[in-house]
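Me: Got a minute to go through this model with me? I'd like the overall picture before the details.

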Amino acid sequence: MFHSVRNLRRMLVLGVSTVSLAAASIAAVAVQPALASATGGSGASLPYAEVQAENSATNGTVIGPSYTQGQLADEASGRKAVTLKGAGQYVTFTAPVAANSIDFRYSIPDSADGSVYTAALALYINGVKQTDLTVTNAYSWYYGSYPFTNTPGGNPHHFYDEAHRLFATTYPAGTTFKLQIDSEDTASSYTIDFADFEQVGPALTQPAGAVSVTSEGADPTGANDSTNAFNAAVSAAGAGGTVWIPPGTYDIPGHISVNNVTIAGAGMWYSTITGTAPGFYGNSAPNPSTGVHLQNFAISGNVQDRCDSCQVNGIGGAMSNSTV
């Protein structure tokens, strides 16, 4: 799931011969058997159930449908969404399945100069207030023509981002999840597109023989740079070995070079790579890395603009006979 895990993010499962994948804000990495070819049909079976805001209980304003570029509804799922404006406005989702997580797609207005800000949004479960959710304009709002800019101007687009939370409790189908503007929630409006509900399984355990990044000094709190520890774990794992990312958040500001190695986490809800522009990179073409397998972790970088020449991909370089 995630912060446009769902959009690029709608949960990419790739069987890769050569990889060069841009990940602006978040990539979720989950392994599946490589597919020989697409065969048609209804598409992937996804682990979550999606509920549209415009079909949910609300005292906000349903916007759309719109097919006009530059309008919030035009980029919304189903070309409709719900805008909340003012204290007390809400949208209430009723979970159709048992779930211990929520992921929702939203947009808040950009700042006048394009500078980054965050805002709180209240969450109530069955009427009981939870810790506020945090939303941001950091990864949305592009302007102009290609390659686009973050400076407010003509041709606004790329309005939406996503936020998610994993709960300690599994809530049964029929549970209500209300997103509401409370008095302390400071964005001038909140547009909600949909919410996804998933029953996330327990964290995976360390594979036999795998080298843990924490054994090499990685900081699972995300407070310290873990690049050296990850590199040390890759070296210690050796050719064909496995590097294990335990549950936690790890700061990797730049690239980790990979070749003939498996990088495995405890699940994308549990093992997260953060940093300015973290990425796992293969060798340069025409001599790609081989036998690289990246699985069961999330990459949550801080790339806020589009730069096609910048090496800020979540997964980059060249790889063959590899899977993501």
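Me: How many residues of the chain count as buried, as a percentage?
Reply: This is a predicted model. Of its 324 residues, 50% count as buried.

Me: And what does the secondary structure come to?
Reply: One helix and 27 strands.

Me: What share of the contacts comes from residues 24 or more positions apart?
Reply: They make up 74% of the contacts in the chain with a separation of 6 or more.

Me: OK, surface. How much area does the chain expose, and what do carbon and sulfur atoms supply?
Reply: About 13900 Å² is exposed, and carbon and sulfur atoms supply 51% of that.

Me: Back to the helix. Which residues of α1 are buried?
Reply: α1 covers residues 227-237, and the buried ones are Thr-227, Ala-229, Phe-230, Ala-233, Val-234 and Ala-237. They span an arc of only 170 degrees around the axis, so they sit on the same side of α1.

Me: Why would residues three or four places apart point the same way?
Reply: Because an α-helix has 3.6 residues a turn.

Me: What's on the face turned away from the buried side of α1?
Reply: That face carries Asn-228 and Ser-235, which are exposed.

Me: And just after α1, what does Gly-238 do?
Reply: Gly-238 takes a positive phi, about 75 degrees.

Me: Switching to charges. How many salt bridges are there?
Reply: The count comes to six. One of them pairs Arg-105 with Asp-193, at 2.7 Å from N to O. That pair links distant parts of the chain: Arg-105 is in strand β8 (residues 99-107), Asp-193 is in strand β14 (residues 190-198), and they are 88 residues apart.

Me: Are Arg-105 and Asp-193 buried or exposed?
Reply: Arg-105 is buried, with a relative accessible area of 10%. Asp-193 is buried as well, at 0%. The cut-off for buried is under 20% relative accessible area, so both values qualify.

Me: What about Arg-306, which residue does it form a salt bridge with?
Reply: Asp-308, with the closest N and O atoms 3.0 Å apart. Salt bridges that share partners also join Lys-129, Asp-132, Asp-182 and Glu-184 into one network.

Me: How far apart are the closest N and O atoms of Asp-132 and Lys-129?
Reply: They are 3.7 Å apart in that salt bridge. Asp-132 is partly exposed at 23% relative accessibility, and Lys-129 is partly exposed at 36%.

Me: And how do Arg-306 and Asp-308 come out, buried or exposed?
Reply: In between. Arg-306 counts as partly exposed at 41% relative accessibility, and Asp-308 is partly exposed with a relative accessible area of 48%.

Me: New topic, disulfides. How many does a search of the whole structure find?
Reply: One. The disulfide joins Cys-307 to Cys-310, with an S to S distance of 2.0 Å.

Me: Right-handed or left-handed?
Reply: The torsion about the S-S bond of Cys-307 and Cys-310 is about 70 degrees, so the disulfide is right-handed. On accessibility, Cys-307 is partly exposed at 26% and Cys-310 is partly exposed at 32%.

Me: Backbone oddities next. Where are the cis peptide bonds?
Reply: A cis peptide bond joins Gly-64 and Pro-65, with omega about 5 degrees. Pro-65 is in the loop between β5 (61-63) and β6 (81-84). Another cis bond joins Tyr-146 and Pro-147, also with omega about 5 degrees. Pro-147 lies in the loop between β11 (133-136) and β12 (161-171). For context, most peptide bonds are trans.

Me: What about phi at Asn-155?
Reply: Asn-155 has a positive phi of about 55 degrees, although it is not a glycine. Asn-155 lies in the loop between β11 and β12, and is partly exposed with a relative accessible area of 33%.

Me: And where does Asn-260 lie?
Reply: Asn-260 is in the loop between β18 (255-257) and β19 (262-265). Phi of Asn-260 is positive too, near 55 degrees. At 30% relative accessibility, Asn-260 counts as partly exposed.

Conventions: Residues are numbered from 1 along each chain as its sequence is written. This is a predicted model: local features need pLDDT of at least 70, side-chain atom pairs count only at pLDDT 80 or more; totals for chains, interfaces and linings use all residues. Side-chain values use heavy atoms; hydrogens and water are left out. A disulfide is a pair of cysteine sulfur atoms within 2.5 Å. Buried means under 20% relative accessible area, exposed over 50%, partly exposed in between (1.4 Å probe, protein chains only). Helices (H or I, at least four residues) and strands (E, at least two) are DSSP runs, numbered from the N terminus. Contact means heavy atoms within 4.5 Å. Accessible areas come from the Shrake-Rupley method with a 1.4 Å probe; for residues, only the protein chains shown count as cover. The arc is that of the directions from the helix axis to the C-beta atoms. A salt bridge is a side-chain nitrogen of Lys or Arg within 4 Å of a carboxyl oxygen of Asp or Glu.
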